[in-house]
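Visitor: I should like to take a close look at one part of this model. Please begin with the cysteines.

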Amino acid sequence: MSKKMVVCDSGVGGLAVLIKLVKAFPSAHFYYLSDLKNMPYGSKSKEELISLLLKKISFAKRVKADCLVIACNTLATVGAEAIKKEKKLKIFSILPPVEKIADFPLEKTRIFCTPATAKSKILSGIIAKNGNVVIPFKSLAEEVEKNIFNLQNISTDFLSDFSLKKGRIYLSCTHYIHLANLFKIHFPTCEIFDGTEELINELNKEITFLNNEAKKGKIFFRGTGKRRIKRAFYYLLRSQSDIY
């Protein structure tokens, strides 16, 4: 029997993750749970985010999912403690790879994220060592959400104050993955990471997937804004961008 996964995010950010998961686990069934009503998550309080997280956990249990994938760095970092307390449902999160970051000179590292992620305990130790490493953008996720069908409308101006050579860039907001090519243009000598590779590796280790290419899984869209999210998913899938 094919595995059933719930993937959640506020809006289109998690679609970058969903596309990669569908390609990695073609026989799995996916529920994509969007929440445009409460988008953006990056400016919300810890209490608000925990409340939203618990609703997503309840949804995953209701549809009897094998696991919940939190395709939102903000929700994953701020809700890390609540996620650890959940014992009945397997939860996987896309997170800033702190261990990988620790193995590289901090002065050569930049972590682009939302304000809420920047305030999380997960990144607090890094900020304490070097305050220039973590760079929160207040409204970039909203710009991506608004322009998902016209990403060419977003220029590299938002990166004009930052420079780095032969370093590492971490896109710690899934909305920013859609702008990966802009980051590559602005930081041509840097490696760029978004956490999806680590997520897929973890899923492969923890859950047995029946990857029968002849039997494709189904994708269901649920939550607020689901029609727009579904349209965006198939639009991005057809784009054949090397980002996905």
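Visitor: How far is the sulfur of C113 from the closest cysteine sulfur, and in which residue does that sulfur lie?

Guide: The closest cysteine sulfur to that of C113 belongs to C173, at 8.4 Å, which is too far for a bond. This is a predicted model, in which local features need pLDDT of at least 70 and side-chain atom pairs pLDDT 80 or more, while totals for chains, interfaces and linings use all residues. Residues are numbered from 1 along each chain as its sequence is written, and side-chain values use heavy atoms, without hydrogens or water.

C173, in turn, has its closest cysteine sulfur in C72, 6.8 Å away, and that distance is likewise too far for a bond. The structure as a whole holds 0 disulfides (cysteine sulfur pairs within 2.5 Å). C113 has a relative accessible area of 0% and is therefore buried (under 20%, 1.4 Å probe, protein chains only). C173 is buried too, at 7%.

Another cysteine, C67, lies in strand 3, a DSSP run (E, at least two residues, numbered from the N terminus) spanning residues 67-70. In a regular strand the side chains alternate between the two faces of the sheet. In strand 3, C67 and V69 occupy one side, L68 and I70 the other, and all four are buried, so that both faces are covered.

Strand 3 also has partners, where pairing requires at least two DSSP bridges. With strand 1 (residues 4-8), strand 3 pairs in the parallel sense over 4 bridges, and V6 stands opposite L68. With strand 4 (residues 90-93), the pairing is again parallel and over 4 bridges; here V69 stands opposite F92.

Technical notes: Buried < 20%, exposed > 50% of the residue type's maximum accessible area, 1.4 Å probe, protein only.
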